[in-house]
Amino acid sequence: SILTADPWDTYDIYVLAVQWGSTMCLTSGQTCYEKLKQIPRHSMSIHGLWPSLSSGSSLADCNSGEDITVSDNGSDTFLTMRQYWPSLTSTNQYFWTHEYNKHGYCYIKKFEYGDQEYEYYFQKVLDLFFNYNINTLIIDLAGDADDGEYVLPDDFKEKMDAKFGANTYSLRCTKYGGYYYLSEIRFRLDMDFQLTTKGKSQNSCPTGQYIHVNYVS
C-alpha cells in the first residue's frame, strides 16, 4: 500500500486571505450589512490563513477526523476576532470552526500544539494581519471615499507592489451590476511567514477595467 503523508507535513506555503465585507454584502442580503457594522470602517477583515501547495494543487482538509468545535472563550484573541474576523453570512462559531478544521488544524499539528489549542492558530493569523498593516490597507493606499464609493486609482497595483512586493498577492473581484468590486486579497507567505512569489496567482480582477470599492459602514 502507498503511504500518504499528512497534509500538515506536505504544505509549503500559506495563503492569507482578507476580504472587503461591503462587497460580500452586495449579494448576501440585509443581515450581512448588520454584521458588517462589527468591522471598523475602512478595515479589511480576515477570511483565513490557509496552508497550501505552491504547485497550485489542492491540499486535503487538515482535520479529516471528527470536527473540533471552536468556542469563543472571551479572551483578547477572540475579542479581536469579533471585530476583524467576523462571519458576515453565518455565526462566528460556525465560520471559525470551519476555518480551523479545514485549515488551522494543519498549523496546530505542524507546530505540535494540542488539537484543542486552536487559539494559537487564530492569534498567529491576527499577528500577521496587523504586522503587515492589512487592516488599514485600503485607506493607506487608496484614501478615503467621501461619497461612499470610488474606483481604485490606476496606481493602486503599483502601490501594492511597492508595499508588499510584485506577485506576492492576488486581487479577487465580484462582478455586480456590470461593475467589478474588490472582494478579497490573497497574500502568499513562505514557511517563515514572509511574503513570497512562490505559488500560483489566484487573481480574478480584470485588467484595464475599473475596480470599485464601496463603503457601507
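**Note on aromatic contacts**

1. Lys 110 is placed over the face of Tyr 11, 4.6 Å from the ring centre. The model is a predicted one, and the remarks below concern its aromatic side chains.

2. A second lysine contact involves Trp 8: the charged end of Lys 109 sits over the ring, at 5.5 Å from its centre.

3. Searching the whole structure gives 26 aromatic pairs. One of them is Tyr 113 with Tyr 120, whose ring centres are 4.2 Å apart and whose planes meet at 5 degrees, so this pair is stacked. The cut-off for stacking is an angle under 30 degrees.

4. Are the two tyrosines of the stacked pair buried, exposed or partly exposed? Tyr 113 has 28% relative accessibility and therefore counts as partly exposed. Tyr 120, at 42%, also counts as partly exposed.

5. Tyr 169 and Phe 187 make a tilted aromatic pair, with 6.5 Å from centre to centre and 50 degrees between the planes. Tyr 169 belongs to strand β4 (residues 169–176) and Phe 187 to strand β5 (residues 179–189), so the pair ties together parts that are 18 residues apart in sequence.

6. On accessibility, Tyr 169 counts as buried because its relative value is 6%. Phe 187 has 1% relative accessibility and so counts as buried too. The limit for buried is under 20%.

Key
Residues numbered from 1 in each chain as written. Predicted model: local features only at pLDDT ≥ 70, side-chain atom pairs only at ≥ 80, totals over all residues. Heavy atoms only, no water. Phe/Tyr/Trp six-rings, centres within 6.5 Å; stacked < 30°, edge-to-face > 60°. Buried < 20%, exposed > 50% of the residue type's maximum accessible area, 1.4 Å probe, protein only. Helix = DSSP H or I, 4+ residues; strand = E, 2+ residues; numbered from the N terminus. Lys NZ or Arg CZ within 6 Å of the ring centre and 35° of its normal.
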